[in-house]
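Q: I would like a close look at a single part of this protein. Please start with the overall layout, then go in.

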Amino acid sequence: MKFPSIFRTASPSRFDIKPRYYDPVKEELDQRESRIKKQLEAEGKLGDIKEEDRLRNYESGLRGAFSNYQGIKPRDKSVFASTAMIRSLIFLILVGGLGGYIYFGPVIFEYLLYLVAFIAAIYYFSKLKSKAQK
């Protein structure tokens, strides 16, 4: 027994698939071909189709799908490659700027500009160093 509620609960959705295309001519042609093959096999004019030949028609389409796999790329060992680290630095600069503006006044923006320039210099130096090692 279900109690009345003001909230609507989700009910499971039904699986209902409808074919997108239907070609009655092709279906009739396939039925005729299979009927004629069975008739010729019954008369002995057509050899039995082996089970292996039937399975060859249903081979996987994924046979060459993973041929371009180049392996897992190695992670960049740079400190600044991590997006979490970059986000943390941006957050610290913003909080430092706000706190510094309250404590020191507008002079803090000059100091933050120097700090950002220093961090950018370290970042580009580490990039150049990693390219030189390769």
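In what order do the elements of the protein run from the N terminus on? Then take me through helix 1 and its surface patches.

A: First, a caution: this is a predicted model. From the N terminus on, the elements run α-α-α-α. That makes 4 helices and 0 strands. The protein has 134 residues, and 4% of them count as buried. Its accessible surface comes to about 14,000 Å². Carbon and sulfur atoms hold 61% of that surface.

Now the part you asked about. Helix 1 covers residues 24-43. Its length can be checked. The helix has 20 residues, and at 1.5 Å a residue they should span 28 Å. The end C-alpha atoms of helix 1 lie 29 Å apart, so the span agrees with the expected one. After helix 1 comes Gly 44. The phi of Gly 44 is positive, near 90°.

Next, the charged patch. Asp 23, Glu 27, Asp 30 and Glu 33 form a negative patch on the surface. Take Glu 33 as the example. Glu 33 sits in helix 1. Its relative accessible area is 41%. Buried would need a value under 20%, and exposed one over 50%. Glu 33 is therefore partly exposed, at 41%.

Then there is a nonpolar patch. Ile 36, Leu 40 and Leu 46 make it up on the surface. Together, these three have about 210 Å² of accessible area. Leu 40 belongs to helix 1. Leu 40 has a relative accessibility of 30%, so it also counts as partly exposed.

For reference, here is another helix put through the length check. Helix 3 takes in residues 83-103, which is 21 residues. From its first C-alpha to its last, helix 3 reaches 30 Å. That is close to the 30 Å expected at 1.5 Å a residue. Helix 3 is followed by Gly 105. Gly 105 has a positive phi, near 100°.

Back to helix 1, in brief. Glu 33 of this helix contributes to the negative patch. Leu 40 of this helix contributes to the nonpolar one. Gly 44, with its positive phi, follows the helix.

Terms used:
Residues are numbered from 1 along each chain as its sequence is written. This is a predicted model: local features need pLDDT of at least 70, side-chain atom pairs count only at pLDDT 80 or more; totals for chains, interfaces and linings use all residues. Side-chain values use heavy atoms; hydrogens and water are left out. Patches are made of residues with over 30% relative accessible area and no salt bridge: like charges are joined within 9 Å, nonpolar side chains (Val, Leu, Ile, Met, Phe, Trp, Tyr) within 5 Å. Accessible areas come from the Shrake-Rupley method with a 1.4 Å probe; for residues, only the protein chains shown count as cover. A salt bridge is a side-chain nitrogen of Lys or Arg within 4 Å of a carboxyl oxygen of Asp or Glu. Lys and Arg count as positive and Asp and Glu as negative; His and the chain ends are not counted. The place of a charge is taken as NZ of Lys, CZ of Arg, CG of Asp or CD of Glu. Helices (H or I, at least four residues) and strands (E, at least two) are DSSP runs, numbered from the N terminus. Buried means under 20% relative accessible area, exposed over 50%, partly exposed in between (1.4 Å probe, protein chains only). The expected span of a helix is 1.5 Å times one less than its number of residues.
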